[in-house]
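Trainee: I've got a model open and I'd like to learn how to read its empty spaces and its helix packing. Could you walk me through it?

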Amino acid sequence: MDRGAAALEDGMAVRELARAHDLPCCTFVACWLLQVTGRVPANAPTSSWKPWYELAPEWWGKANIWEADLPYSSLEAAVEACGGTIEITHDVNDERPAPALTPDRWHAIQRWRPSGSGHNYLAYCAEDGETVTIIQSSIAKGYRHDVGTWSGLNGLDVGVATLEPLK
């Protein structure tokens, strides 16, 4: 099992934090990135997101898109933490598909609707290149783990950070 999946196992700090607090999407992804890079707060890691923020305050702002004019800073923070590449497609449609996911790799995803609302989440593309596991959290819906395919993104601006292998 790689570090990405291991961080989401029952009992792991980021999983328990997300279950207990219905984290905002960017906050969940930021905590996962910190955990997979070995940075977990020693003091009360499941009490709130604040001990995680204190590990890297400047990076945290980027990971949580605190600057409105930097809508893909969460992806930059992901690549800064784990290495990788970023690809962005605006107004996804049949002629302009969303960036492809790389098999057997973790991805940080940032998507935006024309209205300006966005969502940040994790995607793992299985070795078959078709099966995609989406791990996400939100204040409204809490922690979620879904398996499906990479679809349903037409009309959105979609950014994908393909992370280096987390072995």
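**Pockets, a cavity and a helix pair**

Mentor: Let's start with the open space: the largest pocket has a volume of about 200 Å³. Keep in mind that this is a predicted model.

Trainee: How do you find such spaces, and which residues line the largest pocket?

Mentor: The general idea is that rolling a probe the size of a water molecule over the atoms shows where empty space is left. Here, the lining of the largest pocket is made up of R111, R113, S117, G118, H119, Q136, S138, A140, K141 and R144. Sorted by class, that lining has five polar, four charged and one nonpolar.

Trainee: And how many cavities of 30 Å³ or more turn up in the whole structure?

Mentor: Just one. The largest cavity has a volume of about 30 Å³. Around the largest cavity sit D2, D104, R105, W106, E164, P165, L166 and K167. Five of the residues lining the largest cavity are charged and three are nonpolar, with no polar ones.

Trainee: Now the helices. At what angle do α2 and α3 pack?

Mentor: In general, two packed helices are described by the angle between their axes and the distance between the axes. In this model, α2 (residues 13-21) packs with α3 (residues 25-36) at about 165 degrees, and their axes are 9 Å apart. That angle is why α2 counts as roughly antiparallel to α3. The crossing of α2 past α3 is right-handed.

Trainee: Which residues make the contact?

Mentor: From α2 come A13, V14, L17 and A18, while α3 brings F28, C31, W32 and Q35. By class, the contact of α2 with α3 has seven nonpolar residues, one polar and no charged ones.

Notes
Residues are numbered from 1 along each chain as its sequence is written. This is a predicted model: local features need pLDDT of at least 70, side-chain atom pairs count only at pLDDT 80 or more; totals for chains, interfaces and linings use all residues. Side-chain values use heavy atoms; hydrogens and water are left out. Axes are lines fitted to C-alpha atoms, for helices over the stretch in contact, and angles run from 0 to 180 degrees between N-to-C directions. Helices (H or I, at least four residues) and strands (E, at least two) are DSSP runs, numbered from the N terminus. Angles under 35 degrees count as roughly parallel, over 145 as roughly antiparallel, 65 to 115 as roughly perpendicular and the rest as oblique. A crossing is left-handed if the near helix is turned anticlockwise from the far one by less than a right angle, and right-handed if clockwise. Contact means heavy atoms within 4.5 Å. Ala, Val, Leu, Ile, Met, Phe, Trp, Tyr, Cys and Pro count as nonpolar, Asp, Glu, Lys and Arg as charged, and the others, Gly among them, as polar. On a 1 Å grid over the protein atoms alone, a cavity is a set of points where a 1.4 Å probe fits but cannot get out, and a pocket is an open set with protein on both sides within 12 Å along at least five of seven lines; lining residues have an atom within 4 Å of a point. Grid points are joined across faces, edges and corners, and a volume is the space filled by probe spheres set on the points.
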